[in-house]
Amino acid sequence: MEDITDQRTTLCPSARPESVNGVVFGVVGGTATEPRIAYLKQPLPMTEELMAKASPVTPGEIFRTATSCIESGCQHFNGKDCSLAMRVVEKLPVVTEDLPPCSIRRNCRWWQQEGKAACRRCPQVITDDYAPSKKVRQAADPAV
């Protein structure tokens, strides 16, 4: 697989693990009530083998993944911007003052669009969160 983080492409940091050409850039840690992403030094290709290692839970419960932003093919894209990134900044609290050591930042849509404000909230975003807070539910809902 080609390393999409070396290309001049915009990456979606909230991609589903099963997305084509996805990379893992973080692993979920923290607690059930306060999950936090531990960022990898280098993104790893999301392979079938890596997805299988998540069993018995879903890969989205364990990994944060990114892939090329599909823009108008996404329910969160408003024609110009990622509304998910806007809602994350608007609705979620800051969880770190320091920018996380993120390996996809230079290509990340959230970084390009919302800057440090998105990065300071990103560590609390979990793809498959089955007990999200009210704020997380609101941020994730494209109808809000």
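## The sheet

In what order do the four strands of the open sheet come? The order is β1-β4-β2-β3, and the pairing is antiparallel. Keep in mind that this is a predicted model. On the outside of the sheet sit β1 (11-15) and β3, the edge strands, each of which pairs on one side only. Direction ignored, neighbouring strands of this sheet are turned by 30 degrees against each other on average.

As general background, strands of a sheet pair through backbone hydrogen bonds, either parallel or antiparallel.

## β4 and its partners

Let's zoom in on β4, which covers residues 63-68. Towards β1, the link is made by three bridges, with the two strands running antiparallel. Two of the residue pairs are easy to pick out: L11 has S68 of β4 as its bridge partner, and A15 stands opposite T65.

Towards β2, β4 pairs over four bridges, again in the antiparallel sense. Here V24 is the residue that stands opposite T65. So T65 of β4 faces A15 as well as V24.

Is β4 enclosed or open? Five of its six residues are buried, so β4 is largely enclosed by the rest of the structure.

## The loop between β1 and β2

V20 is found in the loop between β1 and β2. Is V20 buried or exposed? V20 counts as exposed because its relative accessible area is 66%, and the cut-off for that label is over 50%. In sequence, V20 and S68 are 48 residues apart, while their C-alpha atoms are 8.7 Å apart in space.

## The nonpolar cores

Now for the packing. In soluble globular proteins, nonpolar side chains tend to be buried together. In this model the largest nonpolar core has 21 residues, and those with the most contacts inside it are F25, Y39, A66, V88, I104 and W110. Two or more residues each come from β2 (23-30), β3 (35-45) and α3 (83-91). The element that gives the most is α3, with four residues.

F25 is a good place to start exploring. Setting aside neighbours within four places in sequence, F25 is in contact with P13, A38, Y39, L40, R64, T65, A66, C102, S103 and I104. There is also a second, separate core of six residues, and V24, M46, L50 and A54 are among them. V24 is the residue already met opposite T65 in β4.

How values were computed. Residues numbered from 1 in each chain as written. Predicted model: local features only at pLDDT ≥ 70, side-chain atom pairs only at ≥ 80, totals over all residues. Heavy atoms only, no water. Core = buried A, V, L, I, M, F, W, Y, C linked by side-chain atoms within 4.5 Å. Buried < 20%, exposed > 50% of the residue type's maximum accessible area, 1.4 Å probe, protein only. Contact = heavy atoms within 4.5 Å. Pairing = 2+ DSSP bridges. Axes fitted to C-alpha atoms, helices over the stretch in contact; angles between N-to-C directions.
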